[in-house]
Every structure is written in structure tokens, then in C-alpha cells.
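Please read the following walk through the structure with the coordinates open. It starts at one residue and works outwards to the whole chain.

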Amino acid sequence: MTIRVDAAGAADVLARHREVTVLCHIRPDADALGSSSGLARALRARGVTVHHSFDPGVVPQTLGIIPGTDRVVPLAGVPAHDGLVVTLDCASPDRVGRWDRLADAASEILVIDHHGSNPGFGSHMLLDPAAASTASLVLDVLEAGGFDVDAETATSLYAGLVTDTGSFRWGGTGSHETARRLLSAGAESTELTFALLDAHSFAWLRVLGELLATARLDVDAVGGRGSVWLAVPHEVILVADEDDVESLVSHLRGVREARVAVLLKEYLPGEWAVSLRSRAGGAAADVVDVSAVAAALGGGGHPSAAGCTMHGDLESVSARLRELLR
Ligand code: 5GP
Ligand code: MN
């Protein structure tokens, strides 16, 4: 049974433990690594033994700008112990990867997440789909528990907030309020956001041009709302930076003629990580809930940003998606 907790309740769970394993989701983004780095640092300042990891545990180069990611250890090196495991930004147990060994040994598991699709897991769960980022929830927990939030912790959390809100284009007043608290605590924004949101190699420009030339538009899809598609084959994945590949979806999102964007990334031969995006606009002001599409394929996420993993050749994977996005 999972006990639902608020920020103070989550802080109470943290206060019960002297050894804590802090995990975020596989193929982590800035919210996963930012929220977990911030929590890990605040716990260490309290004298807690912290194992900060994810599966498998190699931090993508660009996310290395986030303070604390240099202390991430490989998941295989984390000792099983009977303390606490905290999962951050993980919408379901499988998003944590191969953590059974750690979950089985732990006396308590605290889940901190903001995905509406989360079915609920762990012994305790702080789940708030209204939170702009998991990092926002971590700040609430740290403040409720009287933890020190120094400039480094604040910068780590800010990384999650600024990326999950699309640089504050969505997320509402709550996200600006969280930003105010983090900046007041000394969060660094300029270098961090350049590295996370803007920077890429010169070589990427050529690859980007070739890839974007292969994008496809289907104006009749999703009841006439339109969809735009891009597939990144494994050969390209092999020579590109992962964060550059992940950033492609923002180009698709901007296509006026399409309300739904589909990015297919063949990270392993025949295995596609699918990113789905949806936005309001046009005559029908509704947002197509792409998390329902992702959930139907074993994934999840938010109504306007979701994902899943699919297997097969590009044609069969696309056909299944097209069927769900009619
Ligand atoms: P992205 O497209 O950036 O990888 O993911 C968009 C959103 O969907 C994120 O909030 C992410 O956590 C969620 N998501 C992506 N892939 C999966 C998946 O395989 N399962 C679940 N449950 N959520 C996912
Ligand atoms: Mn997040």
C-alpha cells in the first residue's frame, strides 16, 4: 500500500533515515538529474549517507553542468541497504530501471513525482501533477523539513524547473514563485540555461539540417488537427549527442500546421524511444491528451508531453502510432 504524503510528510520520511539512495529515471533529463542532485546535496549536508544514481548511471555530457551530477555513481555500484530509496521524476516503477535489488532491501520507498499518469508506487508518495517540475516539489520538501538550500542546491533545482517549464512558457504562477525562491537562494541561471537549452556543436547543424529535411506533415491526422513526424535512425543516433537528439522535438512543436508532434528515436536497433507533444490552438482549443496515447503503448507522461518505448521497424511502429492518433 502506498501512503500519500504532502511536502511535510515527505520531509518526515527523509528525517527517519541515515542512509538514502536517491534515484531518477532512465535516460534522465534536467528535471530528473536536477531534482535528485538538489535532494542528494541537502541530505549530505545533514550528514546522511547518500547514494545518488540512475540506471545505468553515466551522466550525459551536457547535463554535467548541473551541480552535483559529478557525484552520480553507477547503479550497479549502489549497495543494497535497509534504509530509504527515493525515486524522483519517475512516472512508474519501470522508469527507474533495474532497481528491484535496491527496492527489495529498502525499509521505505519515497516517490516524488509530478506526472498525472503515475499509477502510484512506493511506501510513500508525494505526487502533484500541478507541480511544474519534480524539482519544485523537492524545494517544497526541503523547506518543509528545514533543510539548507544553498546556491548549489538551488541551481540544481532551477535546472529542473527551467527546462520542464519550457523556460517558463508554461507552469503558471507557481513556477515563477518557485523560481523567485531559487534565485533568492543564489541559483545561477545564465551559464546553466545556455548549456542546457542553447549549446550544441557546429557539427550538429549539418546533421540537424539533414534530419529536418526528412520531417513529414500529416494535416488530416488527429481529427484534422494535424501531426508532424520525424524519425532518427540508429545510424544517426550513433554519431549524435543524446541531448541534441532530444532537442529535436522542440522544432516539431513549432510547426503551425500540426497540433501533435511525434519524434521517434531509434536508440537501439529496432527499439524506438517515442516523444509525443501536443498543444492547443486553431479552432478546436482542446489539447489532445498524448499521455493517453503513450499509456496505451505502455508509457506515460503529461497531457501535452509524453513518451513510450516501441519495438519493430519504422513502418510498423509508425502505423501503430498513426492508428492511435487518427
Ligand atoms: P520525453 O519525450 O521528453 O522523453 O518525455 C516526455 C514526458 O513523458 C516526460 O515527462 C517523461 O517523463 C514522460 N515519459 C517519457 N517516456 C516515458 C515512458 O516510457 N513511460 C512513462 N511512464 N513516461 C514517459
Ligand atoms: Mn519532470
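Is D31 buried or exposed? In this predicted model, D31 has a relative accessible area of 0%. The cut-off for a buried residue is under 20%, so D31 is buried.

D31 is also one of the protein donors of the manganese ion (ligand 2). The donors are D31 (OD), D89 (OD), H114 (NE2) and D164 (OD), and they lie 2.2 to 2.4 Å from the ion. Along the sequence, the spacing of these donor residues reads D-x57-D-x24-H-x49-D. The pair D31 and H114 links distant parts of the chain, with the two positions 83 residues apart: D31 belongs to helix α2, while H114 sits in the loop between β5 (108-113) and β6 (124-127). H114 is buried as well, because its relative accessibility is 2%.

The strands on either side of that loop lead to the sheet. Six strands form an open sheet with parallel pairing, in the order β1-β6-β5-β4-β2-β3. The edges are taken by β1 (3-4) and β3 (49-53); each has a single partner strand, so one side of each has no neighbour in the sheet.

Within the sheet, β6 pairs with β1 in the parallel sense over two bridges, and with β5, also in the parallel sense, over four bridges. M125 in β6 is a useful reference point: R4 stands opposite M125, and so does V111. The side chains of β6 alternate in direction, H124 and L126 pointing one way and M125 and L127 the other way, and all of these residues are buried. Further along, β2 (residues 19-24) and β4 (residues 84-88) pair in the parallel sense over five bridges. There, V20 stands opposite L84 in β4.

Helices lie across these strands. The helix that holds D31, α2, lies across β2, β3 and β4 and runs at about 170° to β3. Helix α4 (residues 134-144) lies across β4, β5 and β6, running at about 120° to β5.

Which helices does α7 pack against? The buried residues of α7 pack against α2 (30-45) and α5 (151-164). Helix α7 spans residues 190-198, and its buried residues are L192, T193, A195 and L196. They are on the same side of α7 because they cover an arc of only 165° around the axis. The face turned away from this buried side carries the exposed residues T190 and E191.

The remaining values concern the chain as a whole. The protein chain contains 13 helices and 12 strands. Its C-alpha trace spans about 55 × 40 × 40 Å along the principal axes. The radius of gyration is 19 Å, which agrees with the value near 20 Å for a compact globule of 326 residues. Of those 326 residues, 51% are buried. Taking contacts between residues at least 6 apart in sequence, 65% join residues at least 24 apart. The D31 and H114 pair, with its 83 residues of separation, is a link of the distant kind at the metal site.

Conventions
Residues numbered from 1 in each chain as written. Chains lettered and ligands numbered in written order. Predicted model: local features only at pLDDT ≥ 70, side-chain atom pairs only at ≥ 80, totals over all residues. Heavy atoms only, no water. Buried < 20%, exposed > 50% of the residue type's maximum accessible area, 1.4 Å probe, protein only. Arc of directions from axis to C-beta. Contact = heavy atoms within 4.5 Å. Donors = N, O, S within 2.8 Å, 3.2 Å for Na, K, Ca; no water. Pairing = 2+ DSSP bridges. Axes fitted to C-alpha atoms, helices over the stretch in contact; angles between N-to-C directions. Rg over C-alpha atoms; globule rule 2.2 N^0.38 Å.
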